[in-house]
Amino acid sequence: KRQEPESEGEVEKLRKVIGILETRLQWQEEAIELQEKVLGEGSGGGKVIAAWRHKVLQMLMGQAMEDIAEEREVLHLQSRVGELEGALASSQNEVQLLKCRVGDVQGAVKMKDHVIESMESEVHRLHRAEERC
């Protein structure tokens, strides 16, 4: 299953990987040409070289695919970390907001307690005044 690159940065990284692989392939081809010259095409060495060349190409392509998959996984994980960091920051902001609300409620409760105490004091004063009369 072929996956499309997700961003321009990913496309650029894939281009760099392809460039590196093309350079590796070129070096391998040059090495094979030298080996073919040394072994000679007519002595049966050509078949061995062709099989070896095919195997090297398979290995290079397999490594390239693994590198691309690994890079894609790293990009995915980095993106996920960014999402989680954003969610964490949002949660921390919400906690801070809730702390402020709790402080407001505590302040309102203290004010009401003070009002109740004042009212109770006034009621006691009125009871005492009533008892005197």
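A residue is called buried when its relative accessible area is under 20% and exposed when that area is over 50%, with partly exposed residues in between. This scale is applied here to a predicted model, in which side chains form five salt bridges.

One of these pairs K13 with E71, the closest N and O atoms lying 3.4 Å apart. The contact joins distant parts of the chain, since K13 sits in helix α1 and E71 in helix α2, 58 residues away. E71 has a relative accessible area of 25% and therefore counts as partly exposed, and K13, with 35%, is partly exposed as well.

A further link between the two helices is the salt bridge of R72 with E10, at 3.0 Å from N to O; here R72 belongs to helix α2 and E10 to helix α1, with their positions 62 residues apart in the numbering. Both R72 and E10 are buried.

Within helix α1, R15 and E12 are three residues apart, which means that about one helical turn separates them, and their side chains meet in a salt bridge of 3.9 Å, N to O. R15 is exposed because its relative accessibility is 54%, whereas E12, at 38%, is partly exposed.

The second largest pocket encloses about 170 Å³ of space, and its lining includes I18, L21, E22 and L25 as well as L57, L60 and M61. Helices α1 (8–39) and α2 (45–132) are the elements that each give two or more residues to this lining, with α2 providing the largest share, six residues. By character, the lining consists of nine nonpolar residues and one charged residue, with no polar ones.

Methods. Residues numbered from 1 in each chain as written. Predicted model: local features only at pLDDT ≥ 70, side-chain atom pairs only at ≥ 80, totals over all residues. Heavy atoms only, no water. 1 Å grid on protein atoms, 1.4 Å probe; cavity = no way out; pocket = protein on both sides within 12 Å on 5 of 7 lines; lining within 4 Å. Points joined across faces, edges and corners; volume = space filled by probe spheres on them. Helix = DSSP H or I, 4+ residues; strand = E, 2+ residues; numbered from the N terminus. Nonpolar A, V, L, I, M, F, W, Y, C, P; charged D, E, K, R; others polar. Salt bridge = Lys/Arg side-chain N within 4 Å of Asp/Glu carboxyl O. Buried < 20%, exposed > 50% of the residue type's maximum accessible area, 1.4 Å probe, protein only.
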